[in-house]
Amino acid sequence: MKEDLLSVIIPTFNREVSIIRRAVESVKKQTYPYIEILIIDDNKNHSHLSEEIKRYSKKENIIYIKQFGNCGACIARNLGVINSNGEYIAFLDDDDEWLPSKACEQIEVLKKGYGLVFSKGVNIYTNMAGRITPYGNNDNFIQTPRFEDLLVKNYIGTTSQIMIKRECFFRIQGFDPKFHARQDYDFCLRISQYYKLYGINKILFKHYKHSELQISKNKDSTLQGYKMLFKKYKIYYVKHNLAYVNICCKISKSYLHKKMYLHWFIWCFKSIIKSPSRLSYILKKSCESKII
């Protein structure tokens, strides 16, 4: 481990080098000088993309690691951290970007004793002429969320915005590879059980949203993720009415989008039994059009 070094982990799958380059360049433009970049290639073996990414990484002095086949983002991030050298660890999706001061500002926060730091950001819709909207956590922003707060709502979001101390990663044993979605939420929940979290009230990253070509897959993954969260943290959910209601609403909504109406009703009913006074809230949340 090297003190003051920031290791930036970029997992990539099915992404052209031109897009990866955009993410990498945003890291290279950071005002913080002590950075190493690791690209974890999650493409299938013998992919033409892998050959291009490997050549690009060598040219740009980037640490390149090829996974054996397509193992998923959780395993890719874990592999990246294990092979990194930094005291500070950050993650960047291969199609997202950082603003130049992100690393410097977040490291200053970590030096004050926090275990994880996040920030505000913007969404950029590539299929809508680059339309820009505030990232999800900009609304109801909480600067120092606790574990109980995160149970109620994911006040953080994408891994592209978070930075952690190295010790945090190994204490919680990294990302849980059983999650195919909401793994970032689970990761932050577990860190919040042991460390203080801090949010910088400033836009420091760009999150790109693309056309939803795999919408059915997203529905399945989202449902699986929320059900795993419910199972994993059930002992905490049952002690907190609003958190219990919200996770049940997420699951029921996922079933509704899959047109599985009986399951939608069952999970709605769980929420209503837990908190009858929130009936209108539950029906509204369970019928939202947004998938996430």
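## Rings, cores and cysteines in a predicted model

Lys120 lies over the face of Phe141, 5.1 Å from the ring centre. A similar look at Arg131 finds its charged end over the ring of Tyr125, at 5.5 Å from the centre. A charge sits over a ring here if NZ of Lys or CZ of Arg is within 6 Å of the ring centre and within 35 degrees of the ring normal.

A word on the ground rules. This is a predicted model, in which local features need pLDDT of at least 70 and side-chain atom pairs count only at pLDDT 80 or more, while totals for chains, interfaces and linings use all residues. Residues are numbered from 1 along each chain as its sequence is written, and side-chain values use heavy atoms, with hydrogens and water left out.

**Aromatic pairs**

The structure holds 15 aromatic pairs, meaning rings of Phe, Tyr and Trp (its six-membered ring) with centres within 6.5 Å; planes under 30 degrees apart count as stacked, over 60 as edge-to-face and the rest as tilted. Two of them are set out here.

| Pair | Geometry | Centre to centre | Between the planes |
|---|---|---|---|
| Phe91 and Phe175 | edge-to-face | 5.2 Å | 85° |
| Phe230 and Tyr237 | stacked | 6.2 Å | 10° |

Phe91 and Phe175 link distant parts of the chain, 84 residues apart: Phe91 is in strand β4, and Phe175 is in the loop between α6 (166-171) and α7. Helices (H or I, at least four residues) and strands (E, at least two) are DSSP runs, numbered from the N terminus. Phe91 and Phe175 are both buried, and so are Phe230 and Tyr237; buried means under 20% relative accessible area, exposed over 50% and partly exposed in between (1.4 Å probe, protein chains only). Phe91 and Phe175 also belong to one aromatic cluster with Phe169, Phe170 and Phe187.

**Cores**

Which residues have the most contacts inside the largest nonpolar core? They are Phe91, Leu116, Ile164, Phe187, Ile191, Leu229 and Tyr237, in a core of 47 residues. Helix α10 (residues 241-257) gives the most to this core, with 6 residues. A second, separate core has 31 residues, including Val27, Tyr32, Leu49 and Ala103. A nonpolar core is a set of buried Ala, Val, Leu, Ile, Met, Phe, Trp, Tyr and Cys residues joined through side-chain atoms within 4.5 Å.

Setting aside residues up to four places away in sequence, Phe187 touches Phe91, Ile162, Ile164, Phe169, Ile172, Gly174 and Phe175, where contact means heavy atoms within 4.5 Å. Asp186 is in helix α7 (residues 183-192) and counts as buried, at 0% relative accessibility. Beyond its neighbours within four places in sequence, Asp186 is in contact with Asp176, Phe179, Leu229, Lys232 and Tyr233.

**Helix α4**

In helix α4 (residues 102-110), the buried residues are Lys102, Ala103, Gln106, Ile107, Val109 and Leu110. Seen down the axis of α4, these fall within an arc of 155°, so they line one face of the helix; the arc is that of the directions from the helix axis to the C-beta atoms. Their cover includes β1 (2-12), β4 (86-91) and β9 (197-209).

**Cysteines**

There are 0 disulfides, a disulfide being a pair of cysteine sulfur atoms within 2.5 Å. Why is Cys104 not bonded to Cys168? The Cys168 sulfur is the closest cysteine sulfur to that of Cys104, but at 19 Å it is too far for a bond. For Cys168, the closest is the sulfur of Cys188, at 11 Å, also too far for a bond. Cys104 is partly exposed, with a relative accessible area of 31%, whereas Cys168 is buried at 0%.
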